[in-house]
Amino acid sequence: MTTLPTATIPVIAIDGPTASGKGTVAQRVATALGFHYLDSGALYRLTALAALKQGVDLNDENRVAEVARSLNLQFFADKVILDGEDVSEQIRTESASQNASRVAAFPTVRSALTERQRAFRVAPGLVCDGRDMASVIFPDAQLKIFLTASVEARAERRTNQLKQKGNSAILADVVKELRTRDERDSNRQVAPLRKLDDAYLLDTTEISADSAVEQVLDWAKDTIQSL
Ligand code: C5P
């Protein structure tokens with residue numbers, strides 16, 4: 001078996017704000033191409049959850065970074081296991097989202113997770129989503145996309161998702177929570193969320209997930225030679 005040099009393994013990096021739909025689009029593109037998928041936000045969510053389970057104060061950067069370095073994880077298609085426990089639901093709550101965004105602002109936590117993310121670059125290719133996939137983790141990604149939508153559209157989608165899962169959700173509260181997280185993610189010192197000059201802009205306010213997936217696949221065929 002021949003192994004490709006890692007830098008030649010194609011990466012599609014999809015960054016964007018909270019609830020823009022990047023996770024859904026990234027997963028569907030990965031399935032369509034037969035590529036691997038990395039949900040980088042899950043690593044920050046898992047770090048915050050693991051820290052809380054170990055009684056670590058989320059303000060203690062060094063101890064949270066230590067937790068990030070020693071995360072004991074197993075990923076499956078539909079679940080994630082932390083220290084032998086299925087925590088798939090626990091990492092998706094609103095407080096888990098806010099805690100993830102808090103620990104993600106610490107530089108040492110981010111560097112503790114860098115190599116773990118790069119290890120997902122495995123043939124035949126990777127689709128990843130997050131905030132700094134194109135700027136920091138895979139700056140040589142063959143295709144970079146900044147996927148966004150208006151705050152109203154994002155809040156509406158998130159509210160519907162929460163309701164479908166049987167949770168109560170008030171649109172005005174969801175808008176407030178999205179804004180808090182967007183602001184923290186965009187204004188932090190390290191790896192702030194931003195659109196790079198060489199990233200394609202994909203605004204999904206007015207288009208369906210199907211159209212967004214189609215657009216990404218079109219760009220992928222234009223930019224990735226092996227497709
Ligand atoms: O994408 P998701 O909403 O799951 O991310 C949770 C939090 O993790 C984000 O609000 C952000 O603060 C952080 N994050 C990050 N860098 C990434 C992915 C997520 O800082 N690449």
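Here are some short exercises, with worked solutions, on the structure above.

This is a predicted model, in which local features need pLDDT of at least 70, side-chain atom pairs count only at pLDDT 80 or more, and totals for chains, interfaces and linings use all residues. Residues are numbered from 1 along each chain as its sequence is written, and side-chain values use heavy atoms, with hydrogens and water left out.

**Exercise 1: the ligand's surroundings**

Work out how many residues surround the ligand, and which helix gives the most to that shell.

Step 1. Start with the cut-off: a residue is near a molecule if one of its heavy atoms lies within 4 Å of it.

Step 2. Count up, and you get 16 residues around the ligand. The closest are Arg45, Arg110, Asp132, Asp185 and Arg188.

Step 3. Sort the shell by class, with Ala, Val, Leu, Ile, Met, Phe, Trp, Tyr, Cys and Pro as nonpolar, Asp, Glu, Lys and Arg as charged, and the others, Gly among them, as polar. You end up with eight charged, four polar and four nonpolar residues.

Step 4. Now go by element, where helices (H or I, at least four residues) and strands (E, at least two) are DSSP runs numbered from the N terminus. Helix 2 (40-53), helix 4 (94-103) and helix 8 (171-187) each bring at least two residues to the shell. Helix 2 gives the most, with four.

**Exercise 2: polar contacts and cover**

Find side chains that make polar contacts with the ligand, then say how much of the ligand the protein covers.

Step 1. A polar contact is a pair of N or O atoms within 3.5 Å; within protein, one must be able to donate a hydrogen and the other to accept it, and residues adjacent in sequence count only if both atoms are side-chain atoms.

Step 2. Look at the ligand's nitrogen atoms. One nitrogen contact, at 2.8 Å, goes to an N or O atom in the side chain of Asp132, and a nitrogen contact at 2.9 Å goes to the side chain of Ser40.

Step 3. Turn to oxygen: a polar side-chain atom of Arg131 sits 2.8 Å from an oxygen atom of the ligand.

Step 4. For cover, use accessible areas from the Shrake-Rupley method with a 1.4 Å probe (for residues, only the protein chains shown count as cover). On its own the ligand has 450 Å² of accessible area, and the protein covers 97% of that.

**Exercise 3: the cavity**

Describe the largest cavity: its volume and its lining.

Step 1. On a 1 Å grid over the protein atoms alone, a cavity is a set of points where a 1.4 Å probe fits but cannot get out, and lining residues have an atom within 4 Å of a point. Grid points are joined across faces, edges and corners, and the volume is the space filled by probe spheres set on the points.

Step 2. One cavity of 30 Å³ or more turns up, and the largest cavity holds about 40 Å³ of space.

Step 3. Its lining includes Asp15, Arg131, Phe146 and Lys195. Helix 6 (133-137) and strand 7 (143-148) each supply at least two lining residues. By class, the lining has five nonpolar, four charged and one polar.

**Exercise 4: buried or exposed?**

Decide whether Gln117, Val29 and Asp83 are buried or exposed.

Step 1. Buried means under 20% relative accessible area, exposed over 50%, and partly exposed in between (1.4 Å probe, protein chains only).

Step 2. Gln117 lies in helix 5 (residues 107-118). Its relative accessibility is 0%, so Gln117 is buried. The Gln117 side chain reaches the backbone oxygen of Leu113 at 3.1 Å.

Step 3. Val29, in helix 1 (residues 22-33), is buried because its relative accessible area is 0%. Val29 and Cys128 are 99 residues apart along the chain, yet their C-alpha atoms are separated by 9.9 Å.

Step 4. Asp83 belongs to the loop between strand 4 (80-82) and strand 5 (85-86). With 51% relative accessible area, Asp83 is exposed.

**Exercise 5: backbone oddities**

Spot the backbone angles that go against the usual pattern.

Step 1. Most residues other than glycine have a negative phi, and most peptide bonds are trans.

Step 2. Check phi. Asp83 has a positive value near 50°, and Ala191 has one of about 45°. Ala191 is in the loop between helix 8 and strand 8 (200-203), and at 16% relative accessibility Ala191 counts as buried.

Step 3. Check omega. The peptide bond from Ala123 to Pro124 is cis, with omega near 5°. Pro124 is in the loop between helix 5 and strand 6 (126-130).

Key. On a 1 Å grid over the protein atoms alone, a cavity is a set of points where a 1.4 Å probe fits but cannot get out, and a pocket is an open set with protein on both sides within 12 Å along at least five of seven lines; lining residues have an atom within 4 Å of a point.
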